[in-house]
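The following explanation leads the reader through one sheet, the helices that accompany it, and one loop residue. Please keep the sequence and the structure in view while reading.

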Amino acid sequence: MLTILTQISSTYRSFIVFATGLIIISIFLPNYKKLQQEKKHYQIGHHYPLYISNKELHSSYNNSDLSQSIKRWNKHTVGYGENSAILFQRLGLSSRLLYQLANTNDDIKSQLTKLKPGDILEFGFDENQTLAELRRSVSPIKTFIIYKTDSGFDSKFEEKELNFEYNYVEAKITSNFWNAAINAGLTANQIMEIAEIFGWDIDFSLDIRIGDQFKVLYQEQVVEGEIIGRGKIVTAIFTNQGRTFTAILDDKTNNYYDQNGHAMKKAFLRSPVDFRRVSSNFNPRRLHPITGKIQPHRGTDYAAPIGTPVWAAGDGIVQKSSYNKFNGNYVFIRHNQHYVTKYLHLEKRMVKVGQRVKQGQTIGTVGATGRVTGPHLHYEFLFNGVHKNARTVELPKSNPLTGEEKTNFITNAKIYLIQLNHYRNALYENNVSRNS
């Protein structure tokens with residue numbers, strides 16, 4: 001046979017090999033009719049069985065059928081002096097059941113033993129008036145659930161999906177910043193957040209003027225279509241005495257920069273206290289309120305209630321922390337070889353000499369100690385030993401964004417500014433249509 005193949009040309013040999021391969025493949029292929037019989041054809045309107053595993057069936061029961069079996073809900077807000085034992089007794093539930101639940105797992109024990117006034121509990125009872133489910137609202141999006149099983153009880157945390165939407169407000173100041181912001185619809189926390197964002201450029205106790213204005217784009221937290229809270233301020237623009245400052249949130253660092261990537265945060269705060277009324281400005285030839293003589297007033301007096309926290313204007317080391325009859329309780333902080341800040345007439349001092357402090361750290365509280373006519377903080381800012389007006393002195397800047405981080409931020413900043421203008425135009429159009 002091999003001798004015959006060698007005498008045939010190569011073309012015929014290839015053909016014979018190919019034909020032999022087809023014959024072998026056809027032998028092992030399934031019967032065509034058998035394939036047709038095994039193919040399933042579904043007819044419209046005909047019912048076919050659906051197979052579900054026991055595991056899936058059990059899971060479905062736990063998640064849906066249990067809630068459907070509850071016939072009555074009892075909602076209760078925890079009051080002062082109330083605990084789980086009192087609530088269970090009030091609802092006719094036994095202390096034995098409470099003990100059983102508390103010993104089921106650590107989560108249940110923690111949730112039932114750490115109730116606070118205002119907590120909301122929902123008790124679900126089945127048709128036999130037996131406790132089948134207990135819910136505690138942990139937050140607007142998170143609920144702790146204790147549920148009945150075949151072998152006793154179990155628990156889980158259930159969270160709703162939190163979404164974010166944008167909202168926009170703007171206002172012109174006609175009396176003070178606080179009233180303008182409240183009337184615009186901002187919360188107290190948002191007002192203080194704006195003061196913090198621009199607190200390195202604007203002293204909100206001294207610099208605010210009638211006619212100043214602000215624009216704010218911020219997030220709202222939305223759950224199932226309902227607004228449950230405020231999120232972060234995304235973009236804010238503040239015009240103060242003709243100067244406009246723009247702050248945009250950097251999603252990566254959660255810090256704020258201007259539209260060119262320069263940090264809003266600087267080495268020193270303009271004001272070391274929450275903005276309140278101020279008794280006098282920086283004035284080198286003011287009349288002293290006690291002696292009646294012209295005496296340099298090389299600082300700023302911030303009138304505020306006794307006990308108001310006083311912050312370190314910048315990072316540094318406490319140079320002095322002491323008392324005398326003129327300054328009362330006072331603290332001096334050296335920030336570097338050039339800068340020193342002084343805080344006088346404190347009620348309490350909360351730092352010691354040599355201690356390192358961070359910007360915004362509470363170093364004492366407003367008082368009326370020393371030679372004063374009322375409670376206030378006297379604040380001084382020195383550069384190379386010379387008193388400067390903290391409101392107007394040029395402050396050292398933090399490092400700006402660079403490279404790819406700067407490029408990405410500026411791209412996002414443009415988008416945020418476009419969104420701010422979009423919502424501003426929408427607000428304007430809404431006001432026009434409402435007034436027409």
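In this predicted model, phenylalanine 238 has phenylalanine 245, in strand 9, as its bridge partner. The two strands concerned are strand 8, residues 226-240, and strand 9, residues 243-249, which pair in the antiparallel sense over 6 bridges. In general, the strands of a sheet pair through backbone hydrogen bonds, in either a parallel or an antiparallel manner.

Strands 8 and 9 belong to an open sheet of 5 strands, whose order is 6-7-8-9-10 and whose pairing is antiparallel. At its edges stand strand 6 (163-172) and strand 10, each of which pairs on one side only. Helix 8, formed by residues 177-184, packs on this sheet and touches strand 6, strand 7 (213-223) and strand 8. The direction of helix 8 makes about 135 degrees with that of strand 6. Helix 9, residues 188-197, lies across strand 7, strand 8, strand 9 and strand 10, and runs at about 35 degrees to strand 8.

Beyond the edge strand 10 (256-257), the chain enters a loop that leads to strand 11 (278-280), and alanine 267 lies in this loop. Is alanine 267 buried, exposed or partly exposed? Alanine 267 is partly exposed, because its relative accessible area is 31%, a value between the limits of 20% and 50%. Apart from neighbours within four places in sequence, alanine 267 is in contact with Ala313, Gly314, Asp315, Gln359 and Pro396. Lysine 397 is 130 residues away from alanine 267 along the chain, yet their C-alpha atoms are separated by 6.2 Å.

Terms used. Residues are numbered from 1 along each chain as its sequence is written. This is a predicted model: local features need pLDDT of at least 70, side-chain atom pairs count only at pLDDT 80 or more; totals for chains, interfaces and linings use all residues. Side-chain values use heavy atoms; hydrogens and water are left out. Helices (H or I, at least four residues) and strands (E, at least two) are DSSP runs, numbered from the N terminus. Buried means under 20% relative accessible area, exposed over 50%, partly exposed in between (1.4 Å probe, protein chains only). Contact means heavy atoms within 4.5 Å. Two strands pair if DSSP finds at least two bridges between them. Axes are lines fitted to C-alpha atoms, for helices over the stretch in contact, and angles run from 0 to 180 degrees between N-to-C directions.
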